[in-house]
Amino acid sequence: MPQLEESSQPRLAAGCRWAGEGENRTLLFPEGALRLQDTGRAILERCDGLRTFQQIVEELQIQYGVSDPAKIRADVSTFLERLHQKRVVDF
Amino acid sequence: MLAAPLALIAEVTHRCPLHCVYCSNPLEMAAAKSELGTKDWRKVFQQAAKMGVLHLHLSGGEPLVREDLLELVDAAHTAGLYINLITSGVGLAEARLSALLKAGLDHVQLSFQGSDESNANWIAGTRVHALKVKIAPVIQKSGVAFTINMVVHRQNLDHLEEMIALAESFRPQRMEIAHAQYYGWAFKNREALLPTQKQVEESLRVVAEAQKRLAGRIRIDAVVPDYYARYPKACMGGWGQRQVLVDPSGKALPCHAAWVIPGLQFENVRDHSLEWIWRESDSFQKFRGEQWMPEPCRSCDRRSQDFGGCRCQAMLITGDATATDPACSLAPGHFQIEEQLQRMNASANSTPANKAHGNAPEDFWTYRPQPR
């Protein structure tokens with residue numbers, strides 16, 4: 001399985017798309033849906049196939065004013081790898 | 001407050017070029033002339049989206065036999081639904097697929113009946129395997145989200161590794177390996193389809209191994225055989241909780257099999273709004289929540305996880321739709337499932353038949369016919 005690297009450019013996999021606005025903002029995929037708020041949404045909305053993993057982590061550090069960069073990197077990585085297994089995110 | 005269903009299953013027709021012996025359609029299918037028209041479906045899709053439904057599963061029968069499928073997809077997409085096409089692939093070609101994708105189709109789920117052509121055709125009751133092998137790469141190449149679905153049972157489980165290999169060769173994002181669910185035609189053909197204990201154990205091993213090997217490339221969703229489980233499945237996520245099915249003639253049901261329960265009247269989307277049917281109609285309220293539950297469900301810690309199991313299975317096996325699902329090891333009716341499994345596992349019939357080997361007589365099982 002491909003590894004998530006600093007230069008990886010995560011993107012939503014085929015058949016995964018956003019619907020709804022505001023608190024109803026939902027990620028739809030073939031057999032389900034995720035209603036996402038806060039960090040989950042902040043991460044996935046940046047998975048546009050252009051930003052690199054490193055850029056996403058840096059942006060989140062700024063947005064959330066995180067003091068522990070290693071932790072946010074590990075959290076984002078775990079989250080994206082989990083969604084990769086579900087075939088929601090490709091990288 | 002009662003939430004809206006997450007998904008609408010639209011059985012747009014019961015017509016189908018296949019005759020699969022495990023088909024989930026009712027034994028009495030909706031006649032072609034009773035089918036809802038394009039406008040009716042458009043209205044249903046709009047109502048569904050408005051009440052908060054996210055997913056539409058275009059199912060059948062074979063949805064591709066509807067000549068207005070493109071208009072249906074367009075209507076559903078315009079309404080804002082996420083559209084799954086559940087298909088045998090028969091009737092699909094590159095141009096039609098491309099038009100459907102342009103109209104907003106989100107996902108294609110293609111079925112396979114087996115890996116070996118003669119066995120697969122024997123199960124489908126017609127020669128379609130070669131067609132499926134031809135269309136699968138076309139679907140993959142189109143870039144649409146792609147799932148391969150394989151229903152497994154005693155007559156194909158011994159080829160599970162080859163089936164996974166075949167599906168893998170088409171590079172879908174997902175595979176669904178679903179043990180047959182014993183309703184509709186599958187219930188009628190249960191004697192021929194129930195897997196042996198050994199097959200079930202082996203299939204769990206094979207699926208787990210494939211999940212590990214294909215992780216990150218192909219996601220495998222497995223539906224386990226509840227006859228062999230300790231606790232029942234959380235059928236449909238609870239009666240009238242998450243999904244609504246509309247049959248070809250417009251009748252709305254809480255699931256594929258609810259027609260087996262006597263005394264329920266299923267309202268029609270021609271006469272009522274989908275929202276009214278979902279919220280107010282007797283059939284959807286009948287087993288919603290926990291009020292109807294008997295013991296041991298009523299005081300069971302698992303009641304909020306599996307909702308007492310499946311009402312239709314309780315009806316089919318115990319004759320009482322309000323009984324605890326007999327698939328549950330705690331159910332008073334569980335002995336009926338145990339006896340069935342013991343009888344089957346001890347019988348010579350437990351060896352899979354094979355038409356090519358000449359040991360499957362003509363009356364081995366009942367093929368699903370065409371609706372009138």
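Helices (H or I, at least four residues) and strands (E, at least two) are DSSP runs, numbered from the N terminus. The structure is a predicted model, in which local features need pLDDT of at least 70, side-chain atom pairs count only at pLDDT 80 or more, and totals for chains, interfaces and linings use all residues. Residues are numbered from 1 along each chain as its sequence is written, while chains are lettered from A and ligands numbered from 1 in the order in which they are written.

**Exercise 1. Locate G308(B) and determine whether it is buried or exposed.**

Step 1. G308(B) belongs to the loop between helix 12 (303–306) and helix 13 (311–318) of chain B.

Step 2. A residue is buried if 20 or more other C-beta atoms lie within 10 Å of its own, exposed if 12 or fewer, and partly exposed in between, with C-beta atoms placed from the backbone. G308(B) has 28 C-beta neighbours inside 10 Å and therefore counts as buried.

Step 3. Two residues are in contact if their C-beta atoms, placed from the backbone, lie within 7 Å. Leaving aside neighbours within four places in sequence, the contacts of G308(B) are M293(B), C297(B), R303(B), T324(B) and D325(B).

Step 4. From G308(B) to E290(B), 18 residues away in sequence, the C-alpha to C-alpha distance is 8.6 Å.

**Exercise 2. Classify R279(B) by its C-beta neighbours.**

Step 1. R279(B) is part of helix 10 (residues 274–280) of chain B.

Step 2. R279(B) is partly exposed, because 15 other C-beta atoms lie within 10 Å.

Step 3. R279(B) and S34(B) are 245 residues apart along the chain, and their C-alpha atoms are separated by 25 Å.

**Exercise 3. Compare the end-to-end span of helix 9 of chain B with its expected value, and state where its buried residues lie.**

Step 1. The expected span of a helix is 1.5 Å times one less than its number of residues. For the 17 residues of helix 9 (residues 197–213) of chain B this gives 24 Å; the end C-alpha atoms are 25 Å apart, which agrees.

Step 2. Q199(B), V200(B), S203(B) and A210(B) are buried in helix 9 of chain B. These residues cover an arc of only 95 degrees around the axis, which puts them on the same side of helix 9 of chain B; the arc is that of the directions from the helix axis to the C-beta atoms.

Step 3. On the other side of helix 9 of chain B, the exposed residues are K198(B), E201(B), R205(B), A208(B), E209(B) and K212(B).

Step 4. The packing partners of the buried residues of helix 9 of chain B are strand 5, helix 6 (160–169) and strand 7 of chain B.

**Exercise 4. Carry out the analysis of span and buried face for helix 2 of chain A.**

Step 1. Helix 2 (residues 53–64) of chain A has 12 residues and should span 16 Å at 1.5 Å a residue; its end C-alpha atoms are 16 Å apart, which agrees.

Step 2. F53(A), I56(A), V57(A) and L60(A) are buried in helix 2 of chain A. Viewed down the axis, the buried residues of helix 2 of chain A fall within an arc of 95 degrees, so they line one face of the helix.

Step 3. An α-helix has 3.6 residues a turn, so residues three or four places apart point the same way.

Step 4. The buried residues of helix 2 of chain A pack against helix 1 (38–44) and helix 3 (69–85) of chain A. After helix 2 of chain A comes G65(A), with a positive phi near 55 degrees.

**Exercise 5. Describe the contact between the chains from the side of chain B.**

Step 1. Chain B gives 18 residues to the contact and chain A gives 15 residues.

Step 2. On the side of chain B that touches chain A, the elements giving two or more residues are strand 3 (82–87), strand 5 (145–152) and strand 7 (219–223) of chain B.

Step 3. The residues on that side of chain B divide into 6 nonpolar, 7 polar and 5 charged. Here Ala, Val, Leu, Ile, Met, Phe, Trp, Tyr, Cys and Pro count as nonpolar, Asp, Glu, Lys and Arg as charged, and the others, Gly among them, as polar.

**Exercise 6. State what share of each chain is buried.**

Step 1. In chain B, 50% of the 372 residues are buried.

Step 2. In chain A, 26% of the 91 residues count as buried.
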